[in-house]
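Me: Please take a close look at how the helices pack against each other in this one. Start with a single crossing, then work outward from there.

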Amino acid sequence: MMRRWLAILGLAALSACATPRAAEHGAAPIQVRIIAFNDFHGALEPPEAAIPATGPNGEAVNVPAGGAAYFASAVDRLKAENPNHIVVSAGDLISASPFVSSQFLDEPTVRAMNLIGLDLSAVGNHEFDRGPNELLRMQNGGCAKYTSRQPCRVDGDFPGAKFRILAANVRKKDGTTLFPATAIRSFGSGRRTVKIGFIGLTLKETGTMVIPAGVVGLTFEDEAQTINALVPRLRAEGADAVVVLIHQGLYTTVGYNDKSCGGVSGDLLKILPKLDPSIDLIVSGHTHRAYICDYGRIDASRPFLVTSAGRSGVLLTDIELAFDPVTHRVTAKSADNLIVQGEAYQGPSGPVPLSAAFPVYPPEPRMKALVDRYVAAARPIAERTVGHLAGPATRDQTPAGESVLGDIVADMYREATGADIGIMNGFGLRADLTPDAQGEVTYGQLYAVTPFANVLQVKGLTGRQLRALLEQQFASGTNTVGRPNMLTLSAGFSYSYDLSKPEGQRILNMRLDGTPIADDRLYKIGISNFLASGGDNFTVFTKGTDIADGPQDIDAFEAYFSKGGVMPLPRTDRVTRVDASARK
């Protein structure tokens, strides 16, 4: 009899335990919101950029976007809508930044990221521009001086990042990673707790994209191999989902929030087919393009959701992962790129007003105060007039790949170094140079053009090496970012090229001051230390002869504009493209 009663009591206990568990099968999914962005590049002030969008009646509208104060407000609104949230970035938070941030070693941008509650960020290539010690200072804080600029000039002691930088494929000589490779975060409570594992990494070519001092003692490992080795480890540690934050990206031919993956291309496309199919989400960057791509449309066995929010804080990616409350498996995922609309601006073609078709975010007070403080500190430095220019000098390229601004910088390099030829890499030009109504150009404008604090150098290249160098424009590795990375060259040098000819035979008729370039003669080339070390995959420079060091580029730039008078705009007639496609 006793056994019978015990059995009945046991069944009752099992029934009592099973009832709430069974009820969970009909419960709502666990929703986790991932707020993502990439390539912020210190854009504290509104970048005066507009997002081409479609209004409610199908009309085309340009929506003004960006600015840290509005960005913070947008993040806060998304956080408030779901307590299960995390804020993540896919790298290049800092460097290649506008004056207000870069002048102060991007300390204000790290402080801004602390304010918005950034949780995790993959390391990007530009994080290494000032070297690993300065990058470690960005994480850990302090006022140690690793660059030519003095740290902690505005707010005293620098606290460092409250967010965690991840660098899964960046290894030191001792075999450890520079920063942690992964992180796991939990969401929900009790039985409705889910865990997401994050892997953060940069593109393996980072070592070719910064000066050697920026990556000394570091190696950058293959992206797919690194990721795939870490997925099982995260699963073993209890991760219910795996998210990759990778500083590599795609191009598409569709709009910022189109989900079709239309015309998808780019170097990330070479990595995705190699990845573990169990990965749920890939937050990407580097190409500065905005997209939402369900990779399952391309490869049904790998239904990754791949996102990017463009650059400079003009967009935020609102991602939702839904988990089954019992199995904790991801049952659904979605994403939208949201325009961070804050204030109108006056563009070159006229006003860009606010659009009532999209949300307008108010400035977040603490962030606004931070930005205003650094703007005030930068203003006396930035607003100092250094010279006059006859008109706007832009990065817009001719059909042959030459630009007015590039020609000016190349001319400056030649004069500052006393070289035969000055050469500037087109991707290193970070802003146009537009004088005011009186033709005045300020120090801040010059700095925005070349914000990397590079040092000029003179290298010796033979005519034969110079030809090989120019050939590299058309195949300079992953840093071609969708188009050739054309070099601009100083006045007096000219050449033509024919892309219909075989590689190695495309560069024609090189001349210096009207005289043909001789294969065996040594020519002095004025360049930045970035290019001198083979940056942007222009490896021919590393084979040249070291001749001399020059001044810092910003000092040379200021001296070039300070000679008095109005600087004329150069004619873009130094490079000629002669193949048939150029005439279409």
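Reply: Let's start with helix H9 (residues 404-417) and helix H13 (residues 553-561), whose axes come within 10 Å and cross at roughly 95°. That puts H9 roughly perpendicular to H13 (65 to 115 degrees; under 35 is roughly parallel, over 145 roughly antiparallel, the rest oblique). Bear in mind that this is a predicted model, with local features needing pLDDT of at least 70 and side-chain atom pairs pLDDT 80 or more, while totals for chains, interfaces and linings use all residues. Numbering runs from 1 along each chain as its sequence is written, and side-chain values use heavy atoms, without hydrogens or water.

On the H9 side, the contact (heavy atoms within 4.5 Å) is made by Ile408, Val409, Asp411, Met412, Tyr413, Glu415 and Ala416. H13 brings Asp553, Ala556, Phe557, Tyr560 and Phe561. Sorted by class, the residues of this H9-H13 contact come out as nine nonpolar, no polar and three charged.

Now for another helix pair: helix H4 (residues 107-116) packs with helix H8 (residues 365-382) at about 175°, their axes 10 Å apart. H4 and H8 are therefore roughly antiparallel to each other. From H4, the contact takes in Pro108, Arg111, Ala112, Leu115 and Ile116; H8 answers with Arg366, Met367, Leu370 and Tyr374. The class count for H4 with H8 is seven nonpolar, no polar and two charged.

Phe561, one of the H13 residues touching H9, turns up again in the largest nonpolar core (buried nonpolar residues joined through side-chain atoms within 4.5 Å; buried is under 20% relative accessible area, 1.4 Å probe). That core has 86 residues, and Phe37, Phe128 and Phe561 have the most contacts inside it. Helix H2 (residues 68-80) supplies the largest share of this core, with eight residues. There's also a second, separate core of 29 residues, with Ile211, Ile525, Phe530 and Ala532 among them.

Last stop, a helix on a sheet. Four strands form an open sheet with mixed pairing (at least two DSSP bridges per pair), in the order S26-S25-S24-S30. Strands S26 (515-516) and S30 (575-577) sit at the edges, each pairing on one side only. S30 runs parallel to strand S24 (residues 493-497), joined by three bridges; one bridge partner pair there is Tyr497 with Arg577 of S30. Helix H11 (residues 463-471) packs on this sheet, touching S24 and strand S25 (507-512), and its direction makes about 125° with that of S25.

Key
Axes fitted to C-alpha atoms, helices over the stretch in contact; angles between N-to-C directions. Buried < 20%, exposed > 50% of the residue type's maximum accessible area, 1.4 Å probe, protein only. Nonpolar A, V, L, I, M, F, W, Y, C, P; charged D, E, K, R; others polar.
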